[in-house]
Amino acid sequence: MASGEGTGDSKAAGAGMEVPEVELCLDLTSCQLHDLSEVEIPPTLEELDLTANRLTAVDPRISHLPRLRKLSFRQNLLDDDAVAPLFTWDAIAGLQEIVLRDNKLTKIPDASIFKGLLVFDVSFNELSSLNGLSKVSSTVKELYFSKNEVPKMEELEHFHALELLELGSNRLRVMENLETLTNLQELWLGRNRIRTINLCGLKSIKKISLQSNRLTSMNGLQECVALEELYLSHNGIQKMEGLSMLQNLRVLDVSSNKLTAIEDIEPLTRLEDLWLNDNQIPSLSGIESALSGSREKLTTIYLERNPCVFFEHISIFKKFEALPLVLNGHH
């Protein structure tokens, strides 16, 4: 093409011709749609959000969206048969994010055609196992399975790129099959039936939630030296231990346990939030020493509903008067 050959057309377009606007995103959240028959679906879409509708079927026109990268059917009425066609349409094989949260699925769909999948969410369904997860692409970075009826952690071994795993509110009893998830940053396992912490040798995790399980000890965390946030509330833990090695820890929640002393946190110089409320701590003797390392960073300590009484230890709190301290409802 000769120099300047294409500029005449662009000038003409700017002078009078309207360039059609390309629609990349269609958000139909909370429209209470029973189907999409009255909706125009532009073929250029890259994102389609159908959250909070009344859909019982997947519109076949979605199969003609080759640029589609994000698709959400969150909070609809889709069952296994309804979503099955979606996982056979080669034209949308470039999808990177599929959200089927809060529907009526009883099994994991065969997602093998989506070779570049990054986010897969089937939380709040009726899944009774993780069978079928082995067919989900190893490229996935975020997996969400909360609020199902999953009893076992399985078919996870190939997710070498996984950064976030959400399995809260299931029926898990054992932490297992995590060894190969070497890039995992966040692990959410609250509201299960887990009795023992077992991170299978993982050392790079930054956030762990094991709230509302059946733990009696916090042993098993010593090697998680990258850990920044730890949530262990509503268990039966009796002793603070294995924490001194977690020197990147910023948030520690051990509320609603059976603790009787504040200990093993002296070296935690980056600690910002400490939740100790609803335990059995009888006295704050030694609290100054326990918090000596975190004094510069600490912003809040929650101690309410423990047997210890604020006014007997007022001299201790004068040393930490810059902190928002909450003890038995007194600030």
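This is a short guided tour of the structure above, with a selection to make at each stop.

**Stop 1: the whole chain**

Start with everything shown. You are looking at a predicted model, and the chain averages a pLDDT of 90, with 87% of the residues scoring at least 70. Now select residues 1–16: over this stretch the pLDDT is below 50, and beyond near neighbours in sequence the stretch has 3 contacts in the model. Next, select residues 311–316. Here too the pLDDT is below 50, and this stretch has 6 contacts beyond near neighbours in sequence.

Switch to a cartoon view and look for the 4 helices and 14 strands in the chain. Then try a surface view. The accessible surface comes to about 16,100 Å², and carbon and sulfur atoms account for 48% of that. Of the 331 residues in the chain, 46% are buried. If you think about contacts between residues at least 6 apart in sequence, 28% of them join residues at least 24 apart.

**Stop 2: a buried glutamate**

Select E186, which you will find in strand 8, residues 186–188. What is the nearest side chain of opposite charge to E186, and how far away is it? Show K207 as well: K207 is the one, 4.1 Å away. A salt bridge needs a side-chain nitrogen of Lys or Arg within 4 Å of a carboxyl oxygen of Asp or Glu, and E186, although buried, has no salt bridge.

E186 does have a polar partner. Show W188, and you can draw a polar contact of 3.0 Å between the side chains of E186 and W188. To see the surroundings, add E163, L164 and L165 to the view; together with K207, these are the residues that E186 touches, not counting residues up to four places away in sequence.

Keep K207 selected and add E228, E229, R250 and E272. These five names belong together: K207, E228, E229, R250 and E272 are linked in a network of salt bridges.

**Stop 3: three salt bridges to visit**

The chain has 13 salt bridges by the rule used here. Let's visit a few.

First, select R101 and D121. They form a salt bridge in which the closest N and O atoms are 3.7 Å apart. Why does this pair tie together parts that are 20 residues apart in sequence? Because R101 lies in the loop between strand 4 (97–99) and strand 5 (119–121), whereas D121 sits in strand 5 itself. Both R101 and D121 are buried.

Next, select D110 and K135, a salt bridge whose closest N and O atoms are 3.7 Å apart. D110 belongs to the loop between strand 4 and strand 5, and K135 to the loop between strand 5 and strand 6 (142–144), so this pair links parts 25 residues apart in sequence. Are the two ends buried or partly exposed? D110 is partly exposed, with a relative accessible area of 36%, and K135 also counts as partly exposed, at 46% relative accessibility.

Now move along to R305 and D278. The closest N and O atoms of this salt bridge are 2.7 Å apart. R305 is in the loop between strand 13 (300–302) and helix 4 (314–318), and D278 is in the loop between strand 12 (273–275) and helix 3 (287–290), so the pair ties together parts 27 residues apart in sequence. D278 is partly exposed, with a relative accessible area of 24%.

**Stop 4: three loop residues**

Select S233, in the loop between strand 10 (229–231) and strand 11 (251–253). Its relative accessible area is 1%, so S233 is buried. Which residues surround S233, leaving aside its neighbours within four places in sequence? Show L210, Q211, S212, D253, S255, S256 and N257: S233 is in contact with each of them.

Stay in that loop and select M245, which also lies between strand 10 and strand 11. M245 is in contact with Q222 and V225, leaving aside neighbours within four places in sequence. Then draw a C-alpha to C-alpha distance from M245 to I265: they are 20 residues apart in sequence and 9.0 Å apart in space.

Finish with E304, in the loop between strand 13 and helix 4. At 16% relative accessibility, E304 counts as buried. For your last distance, pick S255: E304 and S255 are 49 residues apart in sequence, and their C-alpha atoms are 9.6 Å apart in space.

Notes. Residues numbered from 1 in each chain as written. Predicted model: local features only at pLDDT ≥ 70, side-chain atom pairs only at ≥ 80, totals over all residues. Heavy atoms only, no water. pLDDT = per-residue confidence, 0-100. Contact = heavy atoms within 4.5 Å. Helix = DSSP H or I, 4+ residues; strand = E, 2+ residues; numbered from the N terminus. Buried < 20%, exposed > 50% of the residue type's maximum accessible area, 1.4 Å probe, protein only. Lys, Arg positive; Asp, Glu negative; His and termini not counted. Polar contact = N/O pair within 3.5 Å; in protein donor to acceptor, adjacent residues only side chain to side chain. Areas by Shrake-Rupley, 256 points an atom, 1.4 Å probe, with all protein chains shown as cover.
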